[in-house]
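Trainee: Got a minute to walk me through this one?
Mentor: Sure, pull it up and ask away.

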Amino acid sequence: MTNNPYLKFTSQKVAMPYLVFALILFVGQILFGLIMGLQYIVGDFLFPLIPFNIARMVHTNLLIVWLLFGFMGAAYYLIPEEADRELYSPKLAMILFWVFAVAGVLTILGYLFVPYAGLAQMTGNDLLPTMGREFLEQPLITKVGIVVVCLGFLYNVGMTVLKGRKTAINVVLMTGLIGLAVMFLFSFYNPDNLTRDKFYWWYVVHLWVEGVWELIMAAMLAYVLIKITGVDREVIEKWLYVIVAMALISGILGTGHHYFWIGAPTVWLWVGSIFSTLEPLPFFAMVLFAFNMINRRRREHPNKAAALWAMGTTVTAFLGAGVWGFLHTLAPVNYYTHGTQLTAAHGHLAFYGAYAMIVMTLISYAMPKLRGLGEAADNKAQVLEMWGFWLMTISMVFITLFLSAAGVVQIWLQRIPEDGAALGFMATQDQLFIFYWLRLAAGVIFLIGLVAYLLSFRQRGRTEQVTAAVAGRA
């Protein structure tokens, strides 16, 4: 037990540095996103200090790393409760935190201050070439470090589960986390043949975000809903199994929609199109799941902000990953839309809705307890947090709409015309400036929302609930 009356186990406190550092990296990701947004309009902004390709690399790598920190922090918080025992080794968790944090910071600094070719030479890329691929730009030494951290992390939480209670939530979460680590191993294989390279590259990227990450999201959502609704665990676990089954079936074969134009056999036009149409189903099931559990709740949990995040992540994920993904996933449509701003629209709303928001859902629920404030922050802090929720979510929806409009115009001017009437790439970009300005304005509002969200954690001292609980324990 712990001196904090709102933490069941002392070892849950190791989640705090992971979740805090995740939010710090999230701020960095958004700042570099705004730099890129301005570079779309003012092409030489911050050049040569931060060229666009470097800003983009930092933006996407920060996204991946802060989500990994968020997933790990969430696991360290919820698995001890689900397993009903202390974490196997809190000391190992803290060692891995510092290894991962230092490696991540040094890698980002390397991107910013060392020419990429020089960074590759410095870090042994000639021994095992793995660099230069989108999202997997990390130097070899960083990739090895990620594997070491993942193995240590899986050992720590795995031993906790093996020695403790097994629930659907920690089994599904462990399955997702193991899948995340296994799929990352394909980043070490970089064949000379470009088609084969893309096959294995998508094993990492697609089977993360449209496969095992969905399991992690579903497990975290189920955990929070059990805590804030009081609905029977058996009911929530049945929903969880259905969501997991749909996610795996549609996600694994849905990988085929990335094989349309890379030189793969024609059969993938059919397999990719058919199974990709099923990929919105697990996200739609999550919407029904969350709202059904909230409606059936047996208690009024004081953390209204966490309930808002839980419901919001399902809706936004369904729109971003489901609806916007379906819009251009069929091969005859994707023939025109592939690589346009529609792809960026889908990616922004999907990543924010499915994964950024589920991490913030867990943070919203866990942070008051980790800080010893009670089951929820005070009303003023929650109102500010919910302002942050709405500002970030609405602005991300508008970012998606502006990018979608840019994508439609791009397709109309650049992809559809025949007989030489199509505009060139740069001439088309000139016609999209209004949408890029609007996207930038929405991005600034998103940053304001993120600042409001972070300021909601400024509450000091203990709530009356905690004071009463401590008095009762005394």
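**Rings, helices and a few odd spots**

Mentor: Let's start with tryptophan 66, which counts as buried because its relative accessibility is 0%. Keep in mind that this is a predicted model.

Trainee: OK, and where is tryptophan 66 found?

Mentor: Tryptophan 66 is in helix H2. Skipping neighbours within four places in sequence, tryptophan 66 is in contact with Ala22, Leu25, Phe26, Gln29, Ala356 and Val359.

Trainee: How far is tryptophan 66 from phenylalanine 283 in space?

Mentor: Their C-alpha atoms are separated by 22 Å, with the two positions 217 residues apart along the chain.

Trainee: And methionine 72, buried or exposed?

Mentor: Methionine 72 is buried, at 6% relative accessibility, and its place is also in helix H2. What does methionine 72 touch, beyond neighbours within four places in sequence? Tyr18, Phe100, Val149 and Phe153.

Trainee: Some of those are aromatic. How many aromatic pairs does a search of the whole structure find?

Mentor: The search turns up 45 aromatic pairs. Take phenylalanine 71 and tyrosine 355: the ring centres are 6.4 Å apart and the planes sit at 85 degrees, so this pair is edge-to-face. The pair links distant parts of the chain, with phenylalanine 71 in helix H2 (residues 52–83) and tyrosine 355 in helix H13 (residues 341–370), 284 residues apart.

Trainee: Are phenylalanine 71 and tyrosine 355 buried or exposed?

Mentor: Both phenylalanine 71 and tyrosine 355 are buried. There's also the pair of tryptophan 309 and tyrosine 453, whose planes are at 75 degrees with ring centres 5.5 Å apart, so that pair is edge-to-face. Here too distant parts of the chain are linked: tryptophan 309 belongs to helix H11 (residues 304–327) and tyrosine 453 to helix H16 (residues 433–455), 144 residues apart. Tryptophan 309 and tyrosine 453 are both buried.

Trainee: Which residues do ring pairs link into a cluster?

Mentor: Tyr18, Phe21, Phe69, Tyr76, Phe97, Trp98, Phe100 and Phe153. Tyr18, Phe100 and Phe153 were also among the contacts of methionine 72.

Trainee: Changing topic: which ring does the charged end of lysine 198 sit over?

Mentor: The ring of tryptophan 201, with the charged end 4.5 Å from the ring centre. You can also look at arginine 439, which lies over the face of tyrosine 40 at 4.7 Å from the ring centre.

Trainee: Back to H11, then. At what angle do H11 and H14 pack?

Mentor: About 10 degrees, and the axes of H11 and helix H14 (residues 379–415) are 10 Å apart. H11 and H14 are therefore roughly parallel to each other.

Trainee: Why quote both an angle and a distance?

Mentor: Because two packed helices are described by the angle between their axes and the distance between the axes.

Trainee: Fair enough. Which residues make the contact?

Mentor: On the H11 side they are Lys304, Ala305, Leu308, Trp309, Gly312, Thr316 and Trp324. H14 brings in Gln382, Glu385, Met386, Phe389, Trp390, Met392, Thr393, Thr400, Leu401 and Ser404. By type, the residues of this contact split into nine nonpolar, six polar and two charged.

Trainee: Now the backbone. Which residues does a cis peptide bond join?

Mentor: Phenylalanine 47 and proline 48, with omega at about 5 degrees. Proline 48 is in the loop between helix H1 (15–41) and H2.

Trainee: What about aspartate 84, what's its phi?

Mentor: Positive, about 60 degrees, although aspartate 84 is not a glycine. Aspartate 84 is in the loop between H2 and helix H3 (90–113) and is partly exposed, with a relative accessible area of 42%. Phenylalanine 135 also has a positive phi, near 70 degrees. Phenylalanine 135 lies in the loop between helix H4 (116–122) and helix H5 (140–163), and is buried at a relative accessible area of 16%.

Trainee: Last one: what is serine 276 in contact with, leaving aside neighbours within four places?

Mentor: Gly254, His257, Val271 and Thr329. Serine 276 is in helix H9 (residues 267–276) and counts as buried at 3% relative accessibility. From serine 276 to valine 114, C-alpha to C-alpha, is 40 Å in space, and the two are 162 residues apart in sequence.

Methods:
Residues numbered from 1 in each chain as written. Predicted model: local features only at pLDDT ≥ 70, side-chain atom pairs only at ≥ 80, totals over all residues. Heavy atoms only, no water. Phe/Tyr/Trp six-rings, centres within 6.5 Å; stacked < 30°, edge-to-face > 60°. Helix = DSSP H or I, 4+ residues; strand = E, 2+ residues; numbered from the N terminus. Buried < 20%, exposed > 50% of the residue type's maximum accessible area, 1.4 Å probe, protein only. Lys NZ or Arg CZ within 6 Å of the ring centre and 35° of its normal. Contact = heavy atoms within 4.5 Å. Axes fitted to C-alpha atoms, helices over the stretch in contact; angles between N-to-C directions. Parallel < 35°, antiparallel > 145°, perpendicular 65-115°, else oblique. Nonpolar A, V, L, I, M, F, W, Y, C, P; charged D, E, K, R; others polar.
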